[in-house]
Amino acid sequence: SAPYSGKPVIKHRETLRVRFSEVDALGIVWHGHYIVYFEDGREAFGRKHGISYLDVEANGFTTPIVKSSCEHFLPLKYGETFTIETTFIDSPSAKMIFKYELFNEDKKLVCRGETVQVFVDADGDLALYAPEFFQEWKKQFMGAG
């Protein structure tokens, strides 16, 4: 983990329930759904903190994922509720990095992971520098200069 930078940490917690369509014949969540849960956490984070997909799109960009990872520790089962904690990781790069931790009803760590997104403009070109709206968002929420 990165050393503490002195900047505020922005997190969001969301509670969800495992749906029947997400489990295998044994009633256990299929591993691919955890990446979808990360997206649920990221979307909830974005709505809460003003950096949703729609906010990004309104500024003329998309943010495709270029890297995702997930470590699994415990299974989730059909009908269980769980909490996803999504944390924005500040970076000087033109990227959005999020870390995720999923906790079961007993508050035990189920899995953790990370996604990295880049900024692509309306012409399909990769932004080499953080877009102005993203820099302004970081100033507002992170005190980043």
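**Exercise 1. Strand partners around β4**

Task: In this predicted model, which residue of β4 is the bridge partner of Ile-10? Follow the pairing from there into β5.

Solution:
- Step 1. Start at Ile-10. Its bridge partner in β4 is Phe-88.
- Step 2. Look at the strands behind that bridge. β1 and β4 run antiparallel and are joined by eight bridges.
- Step 3. Move on from Phe-88. Its bridge partner in β5 is Phe-98.
- Step 4. Check the second pair of strands. β4 and β5 are antiparallel too, over seven bridges.
- Step 5. Trace the connection. Five residues make the hairpin that joins β4 to β5.
- Step 6. Add burial. Seven of the nine residues of β4 are buried, and the strand is mostly covered.

**Exercise 2. The whole sheet**

Task: What is the order of the strands in the five-stranded sheet, and which strands form the edges?

Solution:
- Step 1. Recall the bonding. Strands of a sheet pair through backbone hydrogen bonds, either parallel or antiparallel.
- Step 2. Read across the sheet. The order is β1-β4-β5-β6-β3, the sheet is open, and the pairing is antiparallel.
- Step 3. Find the edges. β1 and β3 (residues 65-72) each pair on one side only.
- Step 4. Get the twist. On average, neighbouring strands are turned by 15° against each other, with direction ignored.
- Step 5. Inspect the β3 end. β3 pairs with β6 in the antiparallel sense over seven bridges. One position to look up is Lys-67, whose partner in β6 is Val-116.

**Exercise 3. Helices across the sheet**

Task: Which strands does α1 lie across, and which does α3 lie across?

Solution:
- Step 1. Take α1. This helix lies across β1, β3, β4, β5 and β6. Its angle to β1 is about 125°.
- Step 2. Take α3. This helix lies across β1, β4 and β5. Its angle to β4 is about 110°.

**Exercise 4. The two sides of α3**

Task: Which residues of α3 are buried, and why do they line one face of the helix?

Solution:
- Step 1. List the buried residues of α3 (132-142). They are Phe-133, Phe-134, Trp-137, Lys-138 and Met-142.
- Step 2. Look down the helix axis. The buried residues fall within an arc of 140°, so they line one face.
- Step 3. Recall the helix geometry. An α-helix has 3.6 residues a turn, so residues three or four places apart point the same way.
- Step 4. Turn to the opposite face. The exposed residues Glu-132 and Gln-140 sit there.
- Step 5. Find the cover. The buried residues are covered by elements including β1, α1, α2 (53-58), β2 (61-62), β4 and β5.
- Step 6. Leave the helix. Gly-143 follows α3 and has a positive phi, near 70°.

**Exercise 5. The nonpolar core**

Task: How many residues make up the largest nonpolar core, and which have the most contacts inside it?

Solution:
- Step 1. Count. The core has 28 residues.
- Step 2. Name those with the most contacts. They are Tyr-34, Tyr-37, Ile-51, Leu-76, Phe-88, Leu-102 and Phe-134.
- Step 3. Name the contributors. α1, β4, β5, β6 and α3 each give two or more residues.
- Step 4. Zoom in on Leu-102. Beyond four places in sequence, its contacts include Tyr-34, Tyr-37, Leu-76, Phe-82 and Cys-111.

**Exercise 6. Two cysteines**

Task: How many disulfides does the structure hold? Are Cys-70 and Cys-111 buried or exposed, or in between?

Solution:
- Step 1. Search the whole structure. The count is zero.
- Step 2. Check the distance. The sulfur of Cys-111 is the nearest cysteine sulfur to Cys-70, at 4.0 Å. A disulfide needs the sulfur atoms within 2.5 Å, so this pair does not qualify.
- Step 3. Assign burial. Cys-70 is partly exposed, at 26% relative accessible area. Cys-111 is buried, at 0%.

**Exercise 7. Two loop residues**

Task: Is Lys-107 buried or exposed, and what about Glu-80?

Solution:
- Step 1. Place Lys-107. This residue is in the loop between β5 and β6 (109-118).
- Step 2. Read its accessibility. At 69%, Lys-107 is exposed.
- Step 3. Check the backbone. Lys-107 is not a glycine, yet its phi is positive, about 65°.
- Step 4. Place Glu-80. This residue is in the loop between β3 and β4.
- Step 5. Apply the cut-off. Buried means under 20%. Glu-80 has 18%, so it counts as buried.
- Step 6. List its contacts. Beyond four places in sequence, Glu-80 is in contact with Leu-16, Arg-17, Val-18, Pro-75, Asn-104 and Glu-105.

Note on methods. Residues are numbered from 1 along each chain as its sequence is written. This is a predicted model: local features need pLDDT of at least 70, side-chain atom pairs count only at pLDDT 80 or more; totals for chains, interfaces and linings use all residues. Side-chain values use heavy atoms; hydrogens and water are left out. Buried means under 20% relative accessible area, exposed over 50%, partly exposed in between (1.4 Å probe, protein chains only). Helices (H or I, at least four residues) and strands (E, at least two) are DSSP runs, numbered from the N terminus. The arc is that of the directions from the helix axis to the C-beta atoms. Contact means heavy atoms within 4.5 Å. Two strands pair if DSSP finds at least two bridges between them. Axes are lines fitted to C-alpha atoms, for helices over the stretch in contact, and angles run from 0 to 180 degrees between N-to-C directions. A nonpolar core is a set of buried Ala, Val, Leu, Ile, Met, Phe, Trp, Tyr and Cys residues joined through side-chain atoms within 4.5 Å.
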